[in-house]
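Let's take a friendly walk through some strands and see how they pair up. Keep the 3D view open while you read.

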Amino acid sequence: MLLLHCPLLLLLLPLSSRTQKLPTRDEELFQMQIRDKAFFHDSSVVPDGAEISSYLFRDTPKRYFFVVEEDNTPLAVTVTPCDAPLEWKLSVQELPEEASGEGSGEPEPLEQQKQQIINEEGTELFSYKGNDVEYFVSSSSPSGLYQLDLLSTEKDTHFKVYATTTPESDQPYPELPYDPRIDVTSLGRTTVTLAWKPSPTASLLKQPIQYCIVINKEHNFKSLCAVEAKLSSDDAFMMAPKPGLDFSPFDFAHFGFPTDNNAGKERGFLKSSSKFGRQTSSKPRVDLHKVCIGNKNIFTVSDLKPDTQYYFDMFAVNTNTNMSTAYVGTFARTKEEAKQKTVELKDGKVTDVFIKRKGAKFLRFAPVSSHQKVTFSVHSCLDAVQIQVRRDGKLLLSQNVEGVRQFQLRGKAKAKYLIRLKGSKKGASVLKVLATTRPNKQSFPSLPEDTRIKAFDKLRTCSSVTVAWLGTQERNKFCIYKKEVDDNYNEEQKKREQNQCLGPDTRKKSEKVLCKYFHSQNIQKAVTTETIRGLQPGKSYLLDVYVIGHGGHSVKYQSKLVKTRKFC
């Protein structure tokens, strides 16, 4: 199989099939192509089993083609957006018939064959819109001419594409461990120590893996490609070629994009060229740093600012292929300076709180005006925490909190409230806390007492399940997501899922079932049902329901494991 840009394909097609045909998975040809960089430079040709980098101008679609010559061929295509969401579609059509030349034995004119390809849309196999690393996998694909269309509607951006007809043997992307989270094992005023489980690609398959840590103060990243795009300065983007000009992945070094310096040691992985005379040096942003640490599984980040929230991402990089996989990112707030012992809460504003294992955190709330009531909302993202609230030194509340809880206390003029949060003995705690004197200023959605999802066993089929959950008297938006899991998936694995404060924006678009608004003035009738269709027979699925409040904050119900019937 061979990926190639449209102009080269159109040049290759008119050639007589007796003497020339589209390049295929031929090992000698592949090695020749690797050595001959000029072969790729003007045509953007990438052999089967290689990752390419390319560039999209806003609202200017780009199309790639590749050929699968035999039926029942395995196929995997992976598209990695870098700094902007992409819309992409994969389709297939039959290969054009060999030229007849009206009985003369001569090939058809170039323009005639060009129109033949452009006018045929083909059959759509897969489409996606978003900024996740998304992939199409088929164990048995038909022969034909495959067409990959990409579009960026937000801004100029670059992306990566990987395709192979031997996905089982290639495996260029490092595999994640059963628990892909990053653990914060130690927290100081200027340091954070992180630990993670090794990639099975390193521990079991003995492939060379190095880990790269990314630290910033804005958000988590979904791919290393997105990190590299962020590290590139705005000036570098201004040097991108104008629409309509031919350029290849090797041109990226010319206008400021990062290049790969390590040659691919295995078949199918290319080395980027940096032979151009003029290079653009861009200074990394001061709030984003990347460091690669080899194959260690623990690392201490230093030189951080006290009382500052940081986001940490970990990427496993296969040094043979230079391709990477993202762990589940985390965030943590460094300790305050010694003189600052409490965090000030602002009326109506959500505050993120991190507490190390067995640790404690103090928060202070001092309303600026007189008030009749004060409401504290606490969302514990991981394990249960203990909360104590004192007003002017008097203990008003002491409870354990799991999930979302709201406490309403009687107010007092010029009162000051001290909140003590004690972390779990099991591990670090992450919370969101809101304090307000305005009852209608609620950022968290209201929840029923029971946040379980109920599945109806008698309504199970081979392709659908029916579930129900409780709502409240307040009108909220509910979104339900599904994810296929292994049959041996259990409660312990469910606990290792990413923290409950991560909303539906962290999920893949393909996992979304639907969103709807729901409420009932009669609390006894505040229940809704939904049938989830399009499932596979005898498969297990993890279902999640998110309720989204008026302030935009979401809360996840307790996950539900369901299984479709194997025989119907």
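## A strand with many partners

In strand β31, Val545 is the bridge partner of Ile480. Keep in mind as you explore that this is a predicted model. Ile480 is a good place to begin, and the strands around this pair come next.

Strand β28 (residues 476-485) and β31 run antiparallel and are joined by nine bridges. A little background helps here: strands of a sheet pair through backbone hydrogen bonds, either parallel or antiparallel. β31 also pairs with strand β33 (residues 560-563) in the antiparallel sense, over four bridges. A third antiparallel pairing, over three bridges, links β31 to strand β32 (residues 554-556). Here are the pairings of β31 side by side:

| Partner of β31 | Residues of partner | Bridges | Direction |
|---|---|---|---|
| β28 | 476-485 | nine | antiparallel |
| β33 | 560-563 | four | antiparallel |
| β32 | 554-556 | three | antiparallel |

You can find these pairings residue by residue. Ser540 stands opposite Lys563 in β33, while Ile548 has Ser554 in β32 as its bridge partner. Five residues lie between the strands in the hairpin of β31 and β32, where Gly552 takes a positive phi near 95°.

## Inside or outside?

Are the residues of strand β31 (residues 540-548) buried or exposed? Nine of the nine are buried, so β31 is largely enclosed by the rest of the structure. In a regular strand the side chains alternate between the two faces of the sheet. Both faces of β31 are covered. On one side, Ser540, Leu542, Asp544, Tyr546 and Ile548 are buried, and on the other side Tyr541, Leu543, Val545 and Val547 are buried as well.

## Two open sheets

Now look at an open sheet of three strands in the order β26-β27-β30, with antiparallel pairing. Why is one side of β26 (454-455) and of β30 (527-532) left without a neighbour in the sheet? Both stand at the edges and have a single partner strand each, so one side of each stays free of a neighbour there. Two bridges join β26 to strand β27 (residues 465-470), and Ala455 stands opposite Val467 in β27.

Another open sheet has three strands in the order β11-β12-β15, again with antiparallel pairing. Its edge strands, β11 (183-187) and β15 (298-301), each pair on one side only. From one strand to the next, the twist averages 25°. Four bridges connect β11 with strand β12 (residues 192-195) in the antiparallel sense, and Val184 stands opposite Leu194 in β12.

Technical notes. Residues numbered from 1 in each chain as written. Predicted model: local features only at pLDDT ≥ 70, side-chain atom pairs only at ≥ 80, totals over all residues. Heavy atoms only, no water. Pairing = 2+ DSSP bridges. Buried < 20%, exposed > 50% of the residue type's maximum accessible area, 1.4 Å probe, protein only. Axes fitted to C-alpha atoms, helices over the stretch in contact; angles between N-to-C directions.
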